[in-house]
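Me: Could you take one part of this structure and give me a close look at it? I'd like to begin at the surface and then work through whatever sits around it, in plain terms.

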Amino acid sequence: MNDWQTYRLEDFIPFTPDIYWRLLERVNEAFWPLHVLAVAIGLIALLLALRGNKRMAMALLAPAWLTSGIIFHWTFYAELNWAAPWFAWGFIAQAALLLAFALFSGSSRTQGPSNGLSTWIGTTVAVVSLLGYPLIAATIGPGLSHAETYGLHPDPTAIATLGVLLIILRGPTLWLALLIPILWCVIGSLTLIAIGASGALIPLAAATIIVGTALAKKSGRRD
């Protein structure tokens with residue numbers, strides 16, 4: 001039991017920071033300019049959510065989870081991390097869940113769009129992830145060639161999804177849809193902390209903000 005106390009977080013990461021940054025660079029080199037299309041689809045999903053069209057919004061979120069699961073986790077990250085195929089299955093499961101909700105969630109529209117707190121927070125989180133997250137690498141990270149974008153890389157995909165789902169869903173459906181994105185934000189932050197990345201706490205902070213706001217909605221406060 002005492003042996004576990006000698007381990008540090010980085011001992012559980014089977015690669016060095018330089019290898020991880022090179023992985024991001026390889027993904028960007030291989031799939032540019034798919035990044036632009038993916039971000040555009042994410043922005044359309046956000047706009048649809050703000051207009052109250054929850055089914056179309058979730059249908060447009062699903063492909064990002066499928067592509068980041070297959071492209072990032074299964075094709076590239078699996079070279080570095082034995083757990084990557086399991087992460088890929090989680091992303092594929094989230095894509096399937098979003099599609100199922102889109103097809104079978106009843107009315108295609110929410111009750112509004114709301115101008116309340118949850119809508120503003122969800123919109124801010126989604127916009128920062130879709131448009132701001134790629135700039136993090138250029139400003140406080142290893143460089144623009146290592147920028148992470150929605151639809152290809154898991155962290156911005158999960159964060160943007162959290163924001164959109166907060167806008168359009170309520171009750172048990174919201175919590176079920178949030179589960180995998182929240183879990184990934186925790187894993188993503190822990191990985192970045194272990195390799196000493198700048199902005200490592202961003203995914204965890206985003207998940208915390210979304211959970212706190214969702215709990216406020218559940219408690220009956222006006223959203």
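**From the nonpolar patch inward**

Reply: Happy to. Helix 7 is the main contributor to the nonpolar patch, giving 3 residues. Please keep in mind that this is a predicted model. The patch covers about 380 Å² and is made by V186, L190, I193, L201 and L204. L201 sits in the loop between helix 7 and helix 8. With a relative accessibility of 52%, L201 counts as exposed, because the cut-off for that class is over 50%.

Now for the general background: in soluble globular proteins, nonpolar side chains tend to be buried together. Going inward, the largest nonpolar core has 60 residues, and those touching the most other members are Y20, M58, Y77, V164, L165, I168 and L178. Helix 7 (171-194) is one of the elements that give two or more residues to this core, and helix 1 (17-31), helix 3 (54-76) and helix 8 (202-218) are also among them.

Y77 is a good residue to click on next. Leaving aside residues up to four places away in sequence, Y77 touches F15, Y20, L23, F72, A84, F87 and T191.

Y20 also leads to a charged residue, E148. With sequence neighbours up to four places away again left out, E148 touches Y20, L24, Y133, P134, H153, D155 and P156. E148 lies in the loop between helix 5 (117-139) and helix 6 (154-168). This glutamate is buried but has no salt bridge, and R26, the nearest side chain of opposite charge, is 14 Å away.

What does R26 pair with? The side chain of R26 forms a salt bridge with that of E79, at 3.0 Å from N to O. The two partners are 53 residues apart and link distant parts of the chain, with R26 in helix 1 and E79 in the loop between helix 3 and helix 4. R26 counts as partly exposed, at 26% relative accessibility.

The structure holds 3 salt bridges, and a network of them links R22, E25 and E29. R22 and E25 come within 2.9 Å of each other at their closest N and O atoms; both belong to helix 1, 3 residues apart, or about one turn of the helix. R22 also forms a salt bridge with E29, where the closest N and O atoms are 3.5 Å apart. R22 itself is partly exposed, with a relative accessible area of 39%.

Notes
Residues numbered from 1 in each chain as written. Predicted model: local features only at pLDDT ≥ 70, side-chain atom pairs only at ≥ 80, totals over all residues. Heavy atoms only, no water. Helix = DSSP H or I, 4+ residues; strand = E, 2+ residues; numbered from the N terminus. Buried < 20%, exposed > 50% of the residue type's maximum accessible area, 1.4 Å probe, protein only. Lys, Arg positive; Asp, Glu negative; His and termini not counted. Salt bridge = Lys/Arg side-chain N within 4 Å of Asp/Glu carboxyl O. Contact = heavy atoms within 4.5 Å. Core = buried A, V, L, I, M, F, W, Y, C linked by side-chain atoms within 4.5 Å. Patch = residues over 30% accessible without salt bridge, like charges linked within 9 Å, V, L, I, M, F, W, Y side chains within 5 Å. Areas by Shrake-Rupley, 256 points an atom, 1.4 Å probe, with all protein chains shown as cover.
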